[in-house]
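Colleague: Please give me a close look at the part of this model around the ligands. Then set that part against the rest of the chain.

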Amino acid sequence: MNDKTKIVGKDALGRPVKDLSSISWWGIDRKQIDWYPKMDYDKCAHCGICFISCGRRVFDWDKKEDKPLVAYPYNCMVACQTCANLCPCGAIEFPETDSIKKLLNKAKVIKKAFEILEPIQEEEKIDEDSTQIEPEV
Ligand code: SF4
Ligand code: SF4
């Protein structure tokens, strides 16, 4: 992502949110991952909670129809379900989390996460060791 990345809108606090769709997820093209909210408008009460609670500006608000629209699906954070959890009407659905577990394996996410974490933990251990005071005998 560079500074010229398109701004898709603002979050609830008025901060600009960029188009995140070109950022890969652990090496997998984000647009190949079918993870974003699917709306059931028959259940929707038009309360706006999903719209204001998403910090990634996945939703636009259709003023004419007074309802949320999934305008930037690939801005959705893979595995997040916050909007579905907050929706008082159960009007938002996501795929089964099994699909995410398969992706975790495919992308070797746990291995990659350990590779990132290990040097940090090593550094912290060195810092900790160097600040330890020898007990008096
Ligand atoms: S939170 Fe649920 S009920 Fe409220 S606008 Fe969003 S989808 Fe509709
Ligand atoms: S799951 Fe999370 S990131 Fe995705 S639309 Fe809902 S609140 Fe936004």
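Modeller: I begin with the ligand shells and work outwards from there.

Residues are numbered from 1 along each chain as its sequence is written, while chains are lettered from A and ligands numbered from 1 in the order written. This is a predicted model, in which local features need pLDDT of at least 70, side-chain atom pairs count only at pLDDT 80 or more, and totals for chains, interfaces and linings use all residues.

Around ligand 1 there are 14 residues, each having its C-beta atom, placed from the backbone, within 6 Å of the ligand. Cys-44, Cys-47, Ile-49, Cys-50 and Cys-87 are the closest of them. By class, this shell holds 12 nonpolar residues, two polar and no charged. (Ala, Val, Leu, Ile, Met, Phe, Trp, Tyr, Cys and Pro count as nonpolar, Asp, Glu, Lys and Arg as charged, and the others, Gly among them, as polar.)

The shell of ligand 2 consists of Pro-37, Ser-53, Cys-54, Arg-56, Val-58, Cys-76, Met-77, Cys-80, Gln-81, Thr-82 and Cys-83. Seven of these are nonpolar and three polar, and one is charged.

Several of these residues recur in the largest nonpolar core. Such a core is a set of buried Ala, Val, Leu, Ile, Met, Phe, Trp, Tyr and Cys residues joined through C-beta atoms within 7 Å. A residue is buried with 20 or more other C-beta atoms within 10 Å of its own, exposed with 12 or fewer, and partly exposed in between, with C-beta atoms placed from the backbone. The largest core has 13 members, of which Cys-50, Cys-54, Val-58, Cys-83, Cys-87 and Ile-92 touch the most others. Cys-50 and Cys-87 are also among the closest residues to ligand 1, and Cys-54, Val-58 and Cys-83 also belong to the shell of ligand 2. Leaving aside residues up to four places away in sequence, Cys-54 touches Phe-59 and Cys-83 (contact means C-beta atoms, placed from the backbone, within 7 Å).

Phe-59 leads on to a strand pair. Strand 4 (residues 59-62) runs antiparallel to strand 5 (residues 67-70), joined by four bridges. (Helices, H or I of at least four residues, and strands, E of at least two, are DSSP runs numbered from the N terminus; strands pair if DSSP finds at least two bridges between them.) Phe-59 stands opposite Val-70, and Asp-62 has Lys-67 as its bridge partner. The two strands form a hairpin with four residues between them, and Asp-66 in that turn has a positive phi of about 55°.

After strand 5 comes the loop that leads to helix 2 (82-86), and Ala-79 lies in this loop. Ala-79 has a positive phi of about 85° although it is not a glycine. Ala-79 counts as partly exposed because it has 15 C-beta neighbours inside 10 Å.

Away from the ligands, strand 1 (residues 7-10) pairs with strand 2 (residues 16-18) in the antiparallel sense over three bridges. Gly-9 is bridged to Val-17. Five residues separate the two strands of this hairpin, and Gly-14 in the turn has a positive phi of about 85°. Trp-26 follows in the loop between strand 2 and strand 3 (38-39), and Trp-26 has a positive phi of about 50°.

Towards the C terminus, helix 3 (residues 98-106) has zero buried residues out of nine, so it lies largely in the open. Lys-108, which follows helix 3, has a positive phi near 50°. Ala-113 sits in helix 4 (residues 109-131) and is exposed, because it has 12 other C-beta atoms within 10 Å. From Ala-113 to Ser-130, 17 residues along the chain, the C-alpha atoms are 26 Å apart.

As a whole, the protein has four helices and six strands, running β-β-β-α-β-β-α-β-α-α from the N terminus. Its radius of gyration is 20 Å, well over the 14 Å that the globule rule gives for 137 residues, so the protein is more spread out than a compact globule. (The radius is taken over C-alpha atoms, and the rule is 2.2 Å times the number of residues to the power 0.38.) The C-alpha trace spans about 75 × 35 × 35 Å along its principal axes. Of the 137 residues, 13% are buried.

How values were computed. Two residues are in contact if their C-beta atoms, placed from the backbone, lie within 7 Å.
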